[in-house]
Amino acid sequence: MNPGQPPSGPIRMVSSLDAAEQLRRELGRLDIPSDIHDGYGLALVSVWVGLVVWCDCERFWWRTGWDDGRKRAVYAWHSVLEPARAARRVARRYADVRQSQPWPGEIFSVVAESPHRSSTA
């Protein structure tokens with residue numbers, strides 16, 4: 001899919017919540033736990049401290065860094081029509097963020113003891 005080209009063939013519509021659920025499922029296949037929150041036409045997939053993926057009906061986008069020259073965040077995006085590829089890209093960012101922002105011991109112990117903890121967390 002080329003973002004500069006109009007889509008060929010029938011256009012497939014995906015709701016933001018459906019897109020988020022598809023991404024969450026694909027992340028789960030990669031052993032990456034996540035949570036979904038939705039409202040106001042957007043859905044958020046919370047992956048890790050500092051890694052949230054926003055979803056609308058067209059794309060996923062997530063913060064990848066900071067541009068000091070422009071004093072603003074840098075984002076990556078991927079079409080909602082390819083949740084598996086998007087999940088692999090998010091997984092690479094997840095690995096970077098986990099390495100630079102590991103869980104503090106207090107948070108980890110609370111999560112580890114939680115009765116609601118899923119088997120993939």
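Let me begin just past the first helix, where α1 is followed by D31, a residue whose phi is positive, near 60°. This residue is not a glycine, and yet its phi is positive, at about 60°; it sits in the loop that runs between α1 and β1, and with a relative accessibility of 59% D31 counts as exposed. I should say at once that what we have here is a predicted model, and that everything I describe this morning is to be taken in that sense.

There is a second residue of this kind, and I would like to put it beside D31 before moving on. K71, also not a glycine, has a positive phi of about 55°, and it belongs to the loop between β4 and β5. K71 counts as exposed, since its relative accessibility is 60%.

Now to confidence, and then to the overall layout. The average pLDDT over the protein chain is 84, and 74% of the residues score at least 70. The stretch I would ask you to treat with reserve is residues 117–121, where pLDDT stays under 50 and for which the model has five contacts beyond four places in sequence. Where pLDDT is low, the predicted coordinates should not be read in detail, and I will accordingly leave that stretch alone.

As for the layout, the protein chain holds three helices and five strands, and if you read along the sequence they come in the pattern α-β-β-β-β-β-α-α. Of the 121 residues in the protein chain, 26% are buried. The accessible surface comes to about 8300 Å², and carbon and sulfur atoms account for 52% of that. If we take the contacts between residues at least 6 apart in sequence, 42% of them join residues at least 24 apart.

Let me return to α1, which covers residues 16–29. This helix has 14 residues and reaches 20 Å from its first C-alpha to its last, which is close to the 20 Å expected at 1.5 Å a residue. Which residues of α1 are buried? They are S16, A19, A20, L23, E26 and L27. Seen down the axis of α1, these buried residues fall within an arc of 125°, and so they line one face of the helix. An α-helix has 3.6 residues a turn, so residues three or four places apart point the same way. The cover over the buried residues of α1 includes the strands β1 (35–39), β2 (42–48), β3 (51–55) and β4, together with the helix α2 (83–100).

That brings us to α2, which has 18 residues and reaches 25 Å from its first C-alpha to its last, close to the 26 Å expected at 1.5 Å a residue. Its buried residues are P83, A86, A87, V90, A91, Y94 and V97. Around the axis they cover an arc of only 145°, which puts them on the same side of α2. On the other side of α2 we find R92, Q99 and S100, which are exposed. And what do the buried residues of α2 pack against? Their partners are α1, β2, β3, β4 and β5.

With the helices in place, I would like to look at two residues in the strands, beginning with H78, which lies in strand β5, residues 72–79. Is H78 buried or exposed? Its relative accessible area is 7%, and because the cut-off for burial is under 20%, H78 counts as buried. The side chain of H78 makes a polar contact with the side chain of E82, at 2.8 Å, and another with the side chain of R89, at 3.1 Å. Not counting residues up to four places away in sequence, H78 touches R59, F60, W62, R85, A86 and R89.

The other residue is R63, in strand β4, which spans residues 59–67. R63 is partly exposed, with a relative accessible area of 37%. Leaving aside neighbours within four places in sequence, the residues in contact with R63 are W54, A73, V74, Y75 and R93. A polar atom of the R63 side chain lies 3.4 Å from the backbone oxygen of G65. As for the distance to V90, which is 27 residues apart from R63 along the chain, the two C-alpha atoms are separated by 10.0 Å.

To close, I would come back to α1 and α2 together: α2 is among the elements that cover the buried residues of α1, and the buried residues of α2 in turn pack against α1 as well as against β2, β3, β4 and β5.

Terms used: Residues are numbered from 1 along each chain as its sequence is written. This is a predicted model: local features need pLDDT of at least 70, side-chain atom pairs count only at pLDDT 80 or more; totals for chains, interfaces and linings use all residues. Side-chain values use heavy atoms; hydrogens and water are left out. Helices (H or I, at least four residues) and strands (E, at least two) are DSSP runs, numbered from the N terminus. Buried means under 20% relative accessible area, exposed over 50%, partly exposed in between (1.4 Å probe, protein chains only). A polar contact is a pair of N or O atoms within 3.5 Å; within protein, one must be able to donate a hydrogen and the other to accept it, and residues adjacent in sequence count only if both atoms are side-chain atoms. Contact means heavy atoms within 4.5 Å. pLDDT is the predictor's confidence in each residue, from 0 to 100. Accessible areas come from the Shrake-Rupley method with a 1.4 Å probe; for residues, only the protein chains shown count as cover. The expected span of a helix is 1.5 Å times one less than its number of residues. The arc is that of the directions from the helix axis to the C-beta atoms.
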